[in-house]
Amino acid sequence: PDESGKLHWGWIIGQGGVPAYGSMSQKDRIPSGDWQCFQASPPGPSLHFIKDDPDAAAKAYLQEARQRASRAKTSNPQLAVTVEA
């Protein structure tokens with residue numbers, strides 16, 4: 001707690017023990033914006049929370065995978081994957 005007794009929360013996004021982005025908050029929920037860059041390039045992340053659709057996370061991962069696959073260039077045909085919806 002700070003001098004007034006309020007709790008502050010610290011959030012870190014990273015990988016392999018390396019902090020990429022961090023944010024402080026007075027709420028016990030992950031902030032959607034205002035992330036400070038530590039060991040990653042700006043801009044910081046902008047988070048969108050998925051609440052209502054139980055399949056929303058799977059759909060979001062699929063969309064991200066499709067976007068990355070469409071940008072990838074590979075000479076190995078075993079690495080080229082097409083996902084039909």
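Q: Contact means heavy atoms within 4.5 Å. Among contacts in the protein chain between residues at least 6 apart in sequence, what share joins residues at least 24 apart?
A: The share is 4%. This is a predicted model.

Q: How do you know how confident the predictor is in this chain?
A: Look at pLDDT, which runs from 0 to 100. The protein chain averages 79, and 82% of the residues score at least 70. Strand 3 has the highest mean among the elements, at 92. Helix 1 (residues 56-71) has the lowest, at 80. Where pLDDT is low, the coordinates should not be read in detail.

Q: What makes up the secondary structure of the protein chain?
A: There are one helix and three strands. Along the sequence they follow the pattern β-β-β-α.

Q: Why do strand 1 and strand 2 count as paired?
A: Two strands pair if there are at least two bridges between them. Strand 1 and strand 2 share seven bridges, so they pass that cut-off. Their sense is antiparallel. One bridge joins Gly 14 to Pro 19 in strand 2. Trp 11 stands opposite Ser 23.

Q: What makes strand 1 and strand 3 edge strands?
A: The three strands form an open, antiparallel sheet in the order 1-2-3. Strand 1 (9-15) and strand 3 (36-37) each pair on one side only.

Q: What lies between the strands of the hairpin of strand 1 and strand 2?
A: Two residues lie between them. In this hairpin, Gly 16 takes a positive phi near 60 degrees.

Q: Why is Ser 25 called buried?
A: Buried means under 20% relative accessible area. Ser 25 has 12%, so Ser 25 counts as buried. Ser 25 belongs to strand 2 (residues 18-25). Beyond residues up to four places away in sequence, Ser 25 touches His 8, Trp 9, Trp 11 and Pro 31.

Q: How do you know that the side chain of Ser 25 and the backbone nitrogen of Lys 27 are in polar contact?
A: The cut-off for the N or O pair is 3.5 Å. A polar atom of the Ser 25 side chain lies 2.9 Å from the backbone nitrogen of Lys 27. That is within the cut-off, so the distance fits.

Q: Why does Ser 23 count as buried?
A: The limit is under 20%. Ser 23 has 8% relative accessibility, so Ser 23 is buried. Ser 23 is also found in strand 2. Among the residues Ser 23 touches are Gly 10, Gly 33 and Trp 35. A polar atom of the Ser 23 side chain lies 3.3 Å from the backbone oxygen of Asp 34.

Q: Why is Ile 13 called partly exposed?
A: Buried ends at 20% and exposed begins over 50%. Ile 13 has 32%, so Ile 13 falls in between. Ile 13 sits in strand 1.

Q: What makes Ile 13 and Trp 35 a contact across the sequence?
A: They are 22 residues apart in sequence. Their C-alpha atoms are 9.3 Å apart. Contact, though, is judged on heavy atoms within 4.5 Å. By that rule Ile 13 is in contact with Trp 35. Its other contacts beyond four places in sequence include Tyr 21 and Pro 45.

Q: How many residues does the protein chain have, and what part of them is buried?
A: The protein chain has 85 residues, and 9% of them are buried. The chain exposes about 7,500 Å². Carbon and sulfur atoms supply 53% of that area.

Methods
Residues are numbered from 1 along each chain as its sequence is written. Side-chain values use heavy atoms; hydrogens and water are left out. Helices (H or I, at least four residues) and strands (E, at least two) are DSSP runs, numbered from the N terminus. Buried means under 20% relative accessible area, exposed over 50%, partly exposed in between (1.4 Å probe, protein chains only). A polar contact is a pair of N or O atoms within 3.5 Å; within protein, one must be able to donate a hydrogen and the other to accept it, and residues adjacent in sequence count only if both atoms are side-chain atoms. Accessible areas come from the Shrake-Rupley method with a 1.4 Å probe; for residues, only the protein chains shown count as cover.
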